[in-house]
Amino acid sequence: MKFIVSSSLLLKNLSALSGVLNANNTLPILDDFLFELKGGILHITASDLETTMTVTVETSKSEEDGAVTIPAKILLDTLKTFSDIPVSFTINKETLGIEISAGEGKYKMSGHSSDEFPQAPVLDEVTLLQLKSDMLASAFNRTIFAAGNDELRPVMSGVFCELTPDNVTFVATDAHKLVRYRRNDIKSEVSSSFILPKKPLNQLKNILPTDDAEVEVGYNPTNAVFTFSNVKLICRLIDGKYPNYE
């Protein structure tokens, strides 16, 4: 497995993914990025079991599809030392040894088997909705700060989303302050509601396009998925009944 990619493009995408990683993971494999090469396109995934985010990056050149996981911190620290140059990755499928060539330098590190990396959840019976990225970013920015941190009341540690044929409402509260952000210019054919956790919303808030690009939002009773440009983020919804904020 071998590919060449721009160092600045790779670093930009890995930095966006790094927000998903936890400082203390129960599974050591979650400290890694999953690299999957398919037909010249690199799919890179980070996960903390609750949130899974994947970005796609085009390679300049590639040989032999395959998959490997690479320690995230070492890779990020290494890429930060490069200027904007092509970087070549060569992965030995048998030993999982990784050789990175950039300019005059060569770096070697050990990868891990991709089989150990948790599979991204497959969503069944998903309801889809198209929303503008600037509207979503505005909704998250105006509500996340009011969400609680009480582990005994998990439903109040996220942002409640209520979709109706009349409007879309985002609510957050910690029982002391409450924010309700309502948009009457956006409607849903089906009435539904769910609670989004804070961590993936903070992650989305930082990486959503600043223009009015379309974001495809899908959800079912257990998960939500956000898809835009080269990013796909899946997060587990908070289970429970939200307080009657009205």
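Which residue forms a salt bridge with Glu-99, and how many Å apart are the closest N and O atoms?

Before we dig in, a word on the model: it is predicted, so local features need pLDDT of at least 70 and side-chain atom pairs count only at pLDDT 80 or more, while totals for chains, interfaces and linings use all residues. Residues are numbered from 1 along each chain as its sequence is written, and side-chain values use heavy atoms, with hydrogens and water left out.

**Exercise 1. Find the partner of Glu-99 and say how exposed the two residues are.**

Step 1. The partner is Lys-108, with the closest N and O atoms 3.8 Å apart. That fits the cut-off: a salt bridge is a side-chain nitrogen of Lys or Arg within 4 Å of a carboxyl oxygen of Asp or Glu.

Step 2. Now check accessibility (buried is under 20% relative accessible area, exposed over 50%, partly exposed in between, with a 1.4 Å probe and protein chains only). Glu-99 comes out at 24%, so call it partly exposed. Lys-108 has 70% and is exposed.

Step 3. Look for shared partners: salt bridges join Glu-99, Lys-106 and Lys-108 into one network.

**Exercise 2. Work out which parts of the chain the Lys-93 pair ties together.**

Step 1. Lys-93 makes a salt bridge with Glu-64, and their closest N and O atoms are 3.4 Å apart.

Step 2. Place both residues. Lys-93 is in the loop between strand E7 (86-91) and strand E8 (97-102), and Glu-64 is in the loop between strand E5 (61-63) and E6, so the pair connects parts 29 residues apart in sequence. Strands (E, at least two residues) and helices (H or I, at least four) are DSSP runs, numbered from the N terminus.

Step 3. Compare with the cut-offs: Lys-93 is partly exposed at 44%, and Glu-64 is exposed at 51%.

**Exercise 3. Do the same for Arg-236.**

Step 1. Its side chain meets that of Glu-50 in a salt bridge (3.3 Å, N to O).

Step 2. This pair links distant parts of the chain: Arg-236 sits in strand E17 (residues 231-236), Glu-50 in the loop between strand E3 (41-47) and strand E4 (51-58), 186 residues apart.

Step 3. Arg-236 is partly exposed at 40%, and so is Glu-50 at 42%.

**Exercise 4. Describe strand E6 and its pairing with E2.**

Step 1. E6 covers residues 66-71, and 5 of its 6 residues are buried.

Step 2. Strand E2 (residues 32-38) runs antiparallel to E6, with 6 bridges joining them. Pairing takes at least two DSSP bridges between two strands.

Step 3. Pick out one bridge: Phe-35 has Val-68 in E6 as its partner.
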